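Open the model in your viewer and keep the selection panel at hand. The tour moves from one selection to the next.

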Amino acid sequence: MHKDELLTGIILAGGLNKRFGSNKAVYLLQGRTLLKKAIDLLSDFCNEIIISGNDPEYEVYNLKMVEDVFPYSGPLGGVFSALNVSNNQKNLIVSCNMPFLNKEMVASLVDLEKNYDKKSITLDHTVFCFNYNSIVFPYPIILYKSINIDIKRCILNNKESITEFILNNNIISYTINDDLLKNMKEINTPDDLIRC
């Protein structure tokens, strides 16, 4: 694995955290916050990392932070805001609530994008993602910055579901097996942590 000098990593760490009850990004799991786990994961692949969220507790990481351009527009709004300030066309987006993603899985997605024949697709309408039994996962994904025009249009039309957005674009996916499915587990409630 080597760092891609043209790849920005975006970590979604905003949101209201209603189900969790507090900011889950700063929750400790196995000695690191969920946000720090995501930062460590992306740092092997990306030359730039952006945190989509502006909690003062994130300042310790000394990374670019961005608040939502369109408040209360969900994860899609966080993606839009981070893509706006990204210095690269290619962007690897993860959510801080997926602490079990590993470097091998991310490398598979990065390699999928890198090796795909770009002449056969429209890059500003393409999403690289994982799927399991033909069900696509909203994270991690690779998007090109030029897709932000479509994201803005969706937000302004109150279509804020990131999964729906993915399904309305060209999907190039990497199929995961039963063994890797456990790495896609999300932490959304305190009970999810207990079950880890």
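Select Ser81 to begin. Beyond the residues up to four places away in sequence, Ser81 touches Val66, Glu67, Asp68 and Val69. Keep in mind that this is a predicted model.

**Stop 1: Ser81 and helix 2**

Colour residues 74–85. This is helix 2, and Ser81 is found in it. Is Ser81 buried or exposed? Its relative accessibility is 1%; the cut-off for buried is under 20%, so Ser81 counts as buried.

Now show the side chain of Ser81 and the backbone of Gly77. A polar atom of the Ser81 side chain lies 2.9 Å from the backbone oxygen of Gly77. Next, draw a distance between the C-alpha atoms of Ser81 and Ile151. They are 70 residues apart along the chain, and the separation in space is 10.0 Å.

**Stop 2: Asn148 and helix 4**

Move to residues 148–156, which form helix 4, and pick Asn148 there. Asn148 has a relative accessibility of 7% and counts as buried. What does Asn148 touch, not counting residues up to four places away in sequence? The list is Val79, Phe80, Leu83 and Asn84. Show the side chains of Asn148 and Asn84 together. They make a polar contact at 3.3 Å.

**Stop 3: the largest nonpolar core**

Hide the polar side chains and turn to the core. The largest nonpolar core holds 58 residues. Which of them touch the most other members? Select Ile11, Leu92, Leu143 and Ile151. Then add strand 8, residues 135–144, which gives the most to this core, with 7 residues.

Centre on Ile11. Setting aside neighbours within four places in sequence, Ile11 is in contact with Leu35, Ala38, Ile39 and Leu42 among others. The Ile11 contacts also include Ile49, Ile50, Ile51 and Ser52. Val94 and Cys96 are in contact with Ile11 as well.

**Stop 4: helix 3**

Select residues 103–115. Helix 3 has 13 residues and reaches 18 Å from its first C-alpha to its last, close to the 18 Å expected at 1.5 Å a residue.

Zoom in on the start of helix 3. There, a side-chain oxygen of Asn102 reaches to within 3.2 Å of the backbone nitrogen of Glu104.

Which residues of helix 3 are buried? Select Met105, Val106, Ala107, Ser108, Leu109, Val110, Leu112 and Glu113.

Stay on Val110, which has its place in helix 3. Val110 is buried, with a relative accessible area of 11%. Leaving out neighbours within four places in sequence, Val110 is in contact with Leu7, Phe45, Leu92 and Ile142. One of these, Leu92, was also in the core selection of the previous stop. Draw one more C-alpha distance, from Val110 to Ile121. These two are 11 residues apart along the chain and separated by 17 Å.

**Stop 5: the whole chain**

Zoom out and colour by secondary structure. You should find 7 helices and 9 strands. The radius of gyration is 16 Å, close to the 16 Å that the globule rule gives for 196 residues, so the chain is as compact as a globular protein of that length. Along the principal axes, the C-alpha atoms fill a box of roughly 45 × 40 × 30 Å.

Switch on the surface. The accessible surface comes to about 9800 Å², and 50% of it belongs to carbon and sulfur atoms. Buried residues make up 49% of the 196 residues.

Finish with a contact map. Of the contacts with a separation of 6 or more, 71% are between residues 24 or more positions apart.

Note on methods: Residues are numbered from 1 along each chain as its sequence is written. This is a predicted model: local features need pLDDT of at least 70, side-chain atom pairs count only at pLDDT 80 or more; totals for chains, interfaces and linings use all residues. Side-chain values use heavy atoms; hydrogens and water are left out. A nonpolar core is a set of buried Ala, Val, Leu, Ile, Met, Phe, Trp, Tyr and Cys residues joined through side-chain atoms within 4.5 Å. Buried means under 20% relative accessible area, exposed over 50%, partly exposed in between (1.4 Å probe, protein chains only). Helices (H or I, at least four residues) and strands (E, at least two) are DSSP runs, numbered from the N terminus. Contact means heavy atoms within 4.5 Å. The expected span of a helix is 1.5 Å times one less than its number of residues. A polar contact is a pair of N or O atoms within 3.5 Å; within protein, one must be able to donate a hydrogen and the other to accept it, and residues adjacent in sequence count only if both atoms are side-chain atoms. The radius of gyration is taken over C-alpha atoms; the globule rule is 2.2 Å times the number of residues to the power 0.38. Accessible areas come from the Shrake-Rupley method with a 1.4 Å probe; for residues, only the protein chains shown count as cover.
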